[in-house]
Amino acid sequence: MYKHLFVPVDGSELSHRAMDGSIELALQLGAKITGFVVEPDMPLSTISSDATVATARMKEHESRNQNHSHALLSQFEERAKAAGVGFAGLTVTAYAVDHAILEEAEKAGCDMIVMVTHGRGPLGEFVFGSHTKKIIARSKLPVLVLH
């Protein structure tokens, strides 16, 4: 059975559904959770040719990412621990969100990925893409999609 759930969250309202749904599932299964945040790499268009400016922008970007992921994973951990579910938090910085999710889920030794979908519809998927669809198509692990 499933004993280690990998749950990517991004801070959106849907993330709270992923947190609550995965905690409920973990309780039913007797599983633990690895909460995961992918922070965006700094866009190349914002890097300056001035080394001092570039360094300052990179430090600011890293600090913003670190604060965001720490706050999000701390909130997830509080919810999990309050429910009696084992929790570990993990964050990486990457351009390819779906690739990072798949790679880190395997590295963490998880046996299921639990995600939420934005449900944008065909036009939204065309414009924004769908990380969930890409993960379902490429994952070696089962993927549970919450709506």
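Two strands count as paired here if DSSP finds at least two bridges between them. By that rule, this predicted model holds an open sheet of five strands, in the order 3-2-1-4-5, with parallel pairing. Strand 3 and strand 5 (143–146) sit at the edges with a single partner strand each, so one side of each has no neighbour in the sheet. From one strand to the next, the twist averages 25°.

Stepping back to the whole chain, the protein has five helices and five strands. Along the sequence they come in the pattern β-α-β-α-β-α-β-α-α-β. Of the 147 residues in the protein, 38% are buried. There is plenty of long-range contact to look at too: among contacts between residues at least 6 apart in sequence, 77% join residues at least 24 apart.

Back in the sheet, strand 2 is a good place to start. Strand 2 (residues 32–40) runs parallel to strand 3, and eight bridges join the two. One residue pair to pick out on screen is phenylalanine 36, whose bridge partner in strand 3 is leucine 90. On the other pairing, strand 1 and strand 2 are also joined in the parallel sense, over five bridges. Here phenylalanine 6 has threonine 34 of strand 2 as its bridge partner. As a reminder, strands of a sheet pair through backbone hydrogen bonds, either parallel or antiparallel. How many of the nine residues of strand 2 are buried? Seven are, so strand 2 is largely enclosed by the rest of the structure.

Helix 3 (residues 97–107) is one of the elements laid over this sheet. Helix 3 lies across strand 1 (4–8), strand 2, strand 3 and strand 4 (112–116). Relative to strand 2, helix 3 runs at about 150°.

Three buried helix residues give a closer view of the packing. The first to consider is leucine 72, placed in helix 2. With 6% relative accessibility, leucine 72 falls under the 20% cut-off and therefore counts as buried. Leaving out residues up to four places away in sequence, leucine 72 touches Val9, Asp10, Gly11, Met19 and Val37. Val37 belongs to that contact list, and strand 2 covers residues 32–40. Leucine 72 and histidine 16 are 56 residues apart in sequence, yet their C-alpha atoms are 9.8 Å apart in space.

Histidine 16 itself lies in helix 1 (residues 13–29). Its relative accessibility is 18%, so histidine 16 also counts as buried under the 20% cut-off. Not counting residues up to four places away in sequence, histidine 16 touches Gly11, Gln75 and Arg79. Gly11 turns up in the contacts of histidine 16 and in those of leucine 72. Histidine 16 and valine 116 are 100 residues apart in sequence, with 9.5 Å between their C-alpha atoms.

Valine 116 comes up again with threonine 132, a residue of helix 5 (residues 131–138). Threonine 132 has 8% relative accessibility, so this residue is buried as well. Setting aside neighbours within four places in sequence, threonine 132 is in contact with Met115, Val116, Thr117 and Val145. Among these contacts, Met115 and Val116 fall within strand 4, which spans 112–116, while Val145 falls within the edge strand 5, which spans 143–146.

Lastly, there is the second largest pocket, which holds about 170 Å³ of space. Of its 13 lining residues, the closest to the pocket centre are Asp41, His61, Glu62, Asn65 and Thr93. Which elements each supply at least two residues of the lining? Helix 2 (51–83) and strand 3 (87–94) do. The largest share, six residues, comes from helix 2, the helix that also carries leucine 72. Strand 3, the other contributor, is one of the two edge strands of the sheet. Sorted by class, the lining has four nonpolar, six polar and three charged residues.

Methods. Residues are numbered from 1 along each chain as its sequence is written. This is a predicted model: local features need pLDDT of at least 70, side-chain atom pairs count only at pLDDT 80 or more; totals for chains, interfaces and linings use all residues. Side-chain values use heavy atoms; hydrogens and water are left out. On a 1 Å grid over the protein atoms alone, a cavity is a set of points where a 1.4 Å probe fits but cannot get out, and a pocket is an open set with protein on both sides within 12 Å along at least five of seven lines; lining residues have an atom within 4 Å of a point. Grid points are joined across faces, edges and corners, and a volume is the space filled by probe spheres set on the points. Helices (H or I, at least four residues) and strands (E, at least two) are DSSP runs, numbered from the N terminus. Ala, Val, Leu, Ile, Met, Phe, Trp, Tyr, Cys and Pro count as nonpolar, Asp, Glu, Lys and Arg as charged, and the others, Gly among them, as polar. Axes are lines fitted to C-alpha atoms, for helices over the stretch in contact, and angles run from 0 to 180 degrees between N-to-C directions. Contact means heavy atoms within 4.5 Å. Buried means under 20% relative accessible area, exposed over 50%, partly exposed in between (1.4 Å probe, protein chains only).
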